[in-house]
Structure formats: C-alpha cells, structure tokens
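Please go through the ligand site and the cysteine link in this entry, and set out the reasoning behind each term used.

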Amino acid sequence: MKQELYNNLLEQLQGLISGETNQTSVLANASALMRDVMGERFFWVGFYLVEGDKLVLGPFQGSVACYRIGHGRGVCGTAWAQAKSQVVPDVDQFPGHIACSSLSRSEIVVPLIDGAGLVRGVLDIDSKELAQFDDVDRQGLERAASLIAAELW
Ligand code: SME
C-alpha cells in the first residue's frame with residue numbers, strides 16, 4: 001500500500017540525512033532514496049533551488065531537465081509563489097506547464113520551507129501516468145520536505 005511506502009521512505013530518510021549539512025549531498029541522497037523506494041512510480045524526482053528570482057535545477061534522478069524556472073512559472077514556479085503544494089493530475093491541463101519531458105503526464109510539487117517561513121526550493125516529482133498523486137503523496141512528501149528543510153536550513 002502506498003502509505004506503507006511513505007512510512008518506509010520517511011523512516012529511511014530521517015536516518016540517511018541526519019547529521020549531514022552539505023546541501024548537494026543531502027538533496028542527492030534524498031532523491032536517490034525516493035527513487036529507490038518508489039521505483040517507476042517516480043519517473044522524475046528532484047529539487048529546484050531558489051537563486052535570486054529563479055528556481056535552479058538541483059540534484060535529481062531521471063532524465064535531463066530544464067535549468068531555470070521563473071517565479072510563478074509552471075508547476076514548480078507556482079508552488080514557490082504560493083508556498084503551497086501543487087497536485088496536477090494532468091499536466092496538459094495546467095496553464096503554463098513547463099514540459100521538460102514529453103513523457104510526464106502527472107506531477108506533484110512541494111515547497112521546501114525554512115524555519116523563517118521562506119521557500120528555499122521545491123521538490124518536484126513527475127509520473128508517466130495520469131493522476132498518480134493524491135493526498136497520501138502530498139502528506140508523505142510534505143513530511144519529507146520538512147525533514148530535509150529542518151536538516152539544511
Ligand atoms: N514540469 C515542471 C518543470 C520541471 S520538470 O518537470 C522536471 C513545471 O511545470 O514546473
């Protein structure tokens with residue numbers, strides 16, 4: 001069951017990142033763990049990090065992706081601008097969606113929020129199937145994002 005996958009993911013993530021403060025290392029291992037646990041469910045999983053007025057590509061697992069995304073642009077830029085998770089059942093129905101891969105059909109993006117309430121980046125996950133993400137994913141990934149943010153910021 002999906003909830004069990006998230007329980008497993010969160011338990012492993014806590015141990016994996018605890019005590020490490022290097023941003024690249026923590027995000028690289030976090031994306032690798034998510035891909036290991038979730039397998040093909042996660043076609044693309046990775047991070048975009050706020051740099052000035054753009055989100056810039058960070059560590060990820062999956063195909064090559066766009067480098068920079070503007071504030072409020074696409075699903076990632078919207079999650080940043082609203083400081084709120086975005087669950088998109090069909091990317092073709094999301095106005096302004098940025099297609100890094102034509103194989104992506106549904107998507108979830110969760111903001112990474114620091115202790116002061118600032119969005120420092122986003123966690124972006126794509127699926128090759130329509131409507132793959134729901135509230136179980138949102139809650140699990142928000143927990144993962146908050147563990148990561150607490151470790152780094
Ligand atoms: N689809 C995203 C862009 C990032 S790629 O999917 C990795 C968006 O619209 O924000």
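Q: What makes the pair formed by a backbone N or O atom of Ile98 and a nitrogen atom of the ligand a polar contact?
A: In this predicted model, the backbone atom of Ile98 lies 2.8 Å from the ligand nitrogen. A polar contact is a pair of N or O atoms within 3.5 Å, so the pair qualifies.

Q: Which ligand atoms do Val75 and Asp126 approach, and how do you know that these are polar contacts?
A: A backbone N or O atom of Val75 is 3.0 Å from an oxygen atom of the ligand. For Asp126, an N or O atom of the side chain lies 2.8 Å from a ligand oxygen. The cut-off is 3.5 Å, and therefore both pairs count.

Q: How much of the ligand does the protein bury?
A: The ligand taken alone exposes 300 Å², of which 99% is buried by the protein. The space that the ligand takes is the largest cavity.

Q: Why are Trp44 and His97 said to surround the ligand?
A: Both belong to the surrounding residues, a status that requires a heavy atom within 4 Å of the ligand. Glu107 and Asp124 are also among them.

Q: Which helix supplies the largest share of the shell around the ligand?
A: Helix 3 does, with three residues. Strand 1 (44–51) and strand 6 (119–127) each supply at least two.

Q: Why is the link of Cys66 and Cys100 called a disulfide?
A: Their sulfur atoms are 2.1 Å apart. The limit is 2.5 Å, so the pair meets the criterion. Cys66 lies in the loop between strand 2 and strand 3, and Cys100 in the loop between strand 4 and strand 5, 34 residues apart.

How values were computed:
Residues numbered from 1 in each chain as written. Predicted model: local features only at pLDDT ≥ 70, side-chain atom pairs only at ≥ 80, totals over all residues. Heavy atoms only, no water. Polar contact = N/O pair within 3.5 Å; in protein donor to acceptor, adjacent residues only side chain to side chain. Areas by Shrake-Rupley, 256 points an atom, 1.4 Å probe, with all protein chains shown as cover. 1 Å grid on protein atoms, 1.4 Å probe; cavity = no way out; pocket = protein on both sides within 12 Å on 5 of 7 lines; lining within 4 Å. Sits in = over half its atoms within 2 Å of the grid points. Helix = DSSP H or I, 4+ residues; strand = E, 2+ residues; numbered from the N terminus.
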